[in-house]
Every structure is written in structure tokens, then in C-alpha cells.
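Me: I would like a close look at one part of this structure: the salt bridges and the places where they sit. Please explain each term as you go, since I am new to this.

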Amino acid sequence: MATTPAAAPAPPNPNPVPDDPPSQEVEEEEEATEPETPSSPPPPALTTSIEPTPSGDDESESDDSSSVSSAASSAPAPAAAGGAAERPFPAAKDLLHISFNQDYGCFAAGTKSGFRIYNCDPFREIFRRDLAAEGDGGGGGGIGVVEMLFRCNILALVGGGDNPHYPPNKVMIWDDHQSRCIGELSFRSPVRGVRLRRDRIIVVLENKIFVYNFADLKLVHQIETAPNPKGLCAVSQQPGSIVLVCPGVQKGQIRVEHYGARKTKFINAHTSRVACFALSQDGRLIATASTKGTLVRIYNAAEGNLLQEYLSVSSDKGTIHVFNLKINVGSTANDKPMPAPDPEVPHISPPLSFIKGVLPKYFHSEWSVAQFRLHEGEQYIVAFGHEKNTVAVVGMDGSFYRCQFDPVNGGEMLQLECYNFLKPSDQP
């Protein structure tokens, strides 16, 4: 069920993408219902209230009743750089969630006491909200999901941890200018993930995905999926037609919704269960990996063709790999598909075909050109940095790394920065 308090969130731009009809008929179910249209005046338009300016003046305009602790204008001193990750701090047990924003310039952290927003380059904490101190959610301060909308004042929050601030079955739309929630979406089961576009809110449950129009919280599509405890889902971000990727109903299958073309595509990506996937910003390319962890595959989202595959050594856990993508991204529709009669057997390239009976089969896939070793057993998220040939790494142990790689010579990446974004005083 969706409800809206005094005001519903307005679309982040004055000309949102027209409401695309779903690619299949939507049947009303008990898990979610369309929200009622509020009769009160519309809220103010979204603005970029969390621009990473050193002065922090943007935060001063927030509601004074909110418990806010602004970060200092300068970041803490980084750990010494090296070829592999340093470990200058213990695991951060207070951390519940980490995620990048849509352009990977910021990341958000959900903790047992609220949430925090950080800038990647230069690294610094932009602001934090101590929800446990406010006590307006009826519980503790735990936030299990934080989803940013680029750098604007609207975020999606879901309660989490042992003492959640909001019920784990609700998505709360938070306006940081007003320092309060301006809308909510309620469900009958826990929310596993949330994705935002300027015109859509996507809510991921264990076996279902709901797509809402951002302007009025109207439900526009429901999708059945295989069990999805990780909340896997990806959506394109460029204005125009919307492409959404989620697990299919069968093992190893992904589903691609092309809302502009009103087309649904199913791709049998792997024989084992899909562990993760990523979608390019323009919605043209999909990268997938299975629970086996040996192969990373690149597919054409429009046609479902296998374009390229890479080897990610399963014994090399805790290592970031950068691969050379040999695909013309601007014309993926014209690329010839890569033959793959067995979804888990790599394609044999001509230079190695004469020894295919001698070498193990994974030697016929392409290897990574650059690597960076992290700590096995921890969870990390990785994105390419805004500076050329760099990557940003955020860990559930409270670590942030920025590394540089050589796209020509490859090899070990150079660690440029290492920070503990959860300071020792913040850890239990």
C-alpha cells in the first residue's frame, strides 16, 4: 500500500519522461496498491542540496529540528599507498548498507543510527543524519537501504538492522530539505532493494519487483522473479526510454524490460544462479556473473546476444579485475553474437584453438588487464572514477579506496587513497 503525507515527491525535472505503459498487463495484487493523490499543494521542486562544496553551507538551510552532524571540510589523512589494500582499521559492525549514486560520484552508507552521504573525489563526508536521536520513526535508527537520486535532496530509505528506524517492509521517500519523509510505499514482505530514476521508483521484494511513477507514486508495472534475496536489479539512467534488468523466473536467467519499445527479453545468461549483474548507463550492455564466479559475460541488452566473456579466477577472491571491453558500444546492435552452445563453457578464440584439448577450458577466455587485491571475506562495491583510469572501492568494513590502473600495460593497480569513512569513535 502506498500512502503520501502532506505532499508527494515532485519529479526531479520539469519535463519527465512520458509515462511508459508496462510491457505486459498489470494485475492488482495485495502487496502494493496505488497511492491516493494528495489534495495539498505540491512540494517544492527538487534541488541539488548535497553538492560536495567544502563550505557545507547547503546543510545550514535544513530544518533545525533535525539532528545533523556535518563533516569537516577536509578529509582525514589517507593511509599509505601501496600495490595492495592496507587495513588500518577493524571491521565496522555498525554498517548496514553501502551504495553508489547514479553517476558514481557519491556513495551512501546506512548504519545502525541513521545514514551518511560521502563524495568520492575528493573524498569527504558531505553530511549525516542521526535518526536514532530524532526518534520520529517509532523505532531505533537502523537504515538497511539508502538510495540516492544523483545529488538532489530526495532519497529512498528502508529500515534495517536489529533496531530499524522504519519498518523493513516500507520504502520511505526522504526530502532532506525538509528533513522528513514526504511519502511512503508499503508492502507485505521485506524490501530487498530500491532503485531510482528521475521518473521512476523501483522496489525489489524477494519474488517481485514493483515499478512506480515518481511524480505521483502510481504503480505502473509488476514483475515476477525467481527468489531474489540480494535485491538484484538495474535500471538505465539516460533520459528517454527506460531499460530495466532483473532476475528471470528460471535459474541463470535475466529479464530485460525495454519500456520504450514495449518489449521483454529473456536471456539465459548462465547455467547456475546469477550472482550479480550491471547495466550500462544507456541501457545497451549488460554484464553478468554466476554463483560459480568463473566467468563474466557481456550481453547486448536489445537482442540478448553474448558479445564477450572474461575469466575471473575463483581462487583469486577479494581481487578487483579490470577488463578490456572490445565492443563498439555505440553500435552494439550490429555486433555479431559470440557463439556459446554451452552457457558455462567459454568461447574458444582462434589463436588458442589448436591447444584447446591441452589447456583447461577457462584459459580460452580473456583475462583481466589490471588487478587490485582487497581482503577476502569482506563485501565491496566498485565503480569507475570520474578521473580517467581510476576506480573507487567502498567496503562493508568501512573502507574507501581510490586506485589507478594502466590500460596499456596492465598489472597491479596503484592505490592512490585509503580512508576509513567510519571513524573509530563511530564504531561500537
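**Charged pairs and their surroundings**

Reply: Let's start with glutamate 125, which counts as buried because its relative accessible area is 7%; buried means under 20%, exposed over 50% and partly exposed in between, with a 1.4 Å probe and protein chains only. The model is predicted, so local features need pLDDT of at least 70 and side-chain atom pairs pLDDT 80 or more, while totals for chains, interfaces and linings use all residues. Residues are numbered from 1 along each chain as its sequence is written, and side-chain values use heavy atoms, with hydrogens and water left out.

Arginine 128 is buried too, at 15% relative accessibility. The side chains of glutamate 125 and arginine 128 form a salt bridge with an N to O distance of 2.8 Å; the term stands for a side-chain nitrogen of Lys or Arg within 4 Å of a carboxyl oxygen of Asp or Glu. By this rule there are 13 salt bridges.

A second pair joins aspartate 176 to arginine 129, whose closest N and O atoms are 2.6 Å apart. This pair ties together distant parts of the chain, 47 residues apart: arginine 129 belongs to strand β5, and aspartate 176 to the loop between β8 and β9. Strands here are DSSP runs of E with at least two residues, numbered from the N terminus. Both aspartate 176 and arginine 129 are buried.

What does β5 belong to? β5 is part of an open, antiparallel sheet of four strands in the order β2-β3-β4-β5, where two strands pair if DSSP finds at least two bridges between them. Because β2 (95-100) and β5 (124-130) are the edges, with a single partner strand each, one side of each has no neighbour in the sheet. Neighbouring strands are turned by 15 degrees against each other on average, direction ignored; the axes are lines fitted to C-alpha atoms, and angles run from 0 to 180 degrees between N-to-C directions. Within this sheet, β3 (residues 106-111) and β4 (residues 114-119) share five antiparallel bridges, and cysteine 106 has asparagine 119 of β4 as its bridge partner.

Now move along the chain to arginine 297 and glutamate 309, a salt bridge with its closest N and O atoms 3.0 Å apart. Arginine 297 lies in strand β20 and glutamate 309 in strand β21, 12 residues apart, and both are buried. Elsewhere, Asp121, Glu387, Arg402 and Glu417 are joined into one network by salt bridges that share partners.

The strands β20 and β21 come from another four-stranded open sheet, antiparallel and ordered β18-β19-β20-β21. Its edge strands, β18 (274-279) and β21 (306-311), each pair on one side only, and the twist averages 20 degrees from one strand to the next. Five antiparallel bridges connect β19 (residues 285-290) with β20 (residues 295-300); leucine 285 is matched with asparagine 300 in β20.

For a contrast with charged side chains, look at the largest nonpolar core: of its 23 residues, Val171, Phe187, Val194, Ile201 and Val203 touch the most other members. Such a core is a set of buried Ala, Val, Leu, Ile, Met, Phe, Trp, Tyr and Cys residues joined through side-chain atoms within 4.5 Å. Strands β8 (170-175) and β9 (180-186) are among those supplying at least two residues each, while β7 gives the largest share, three residues.
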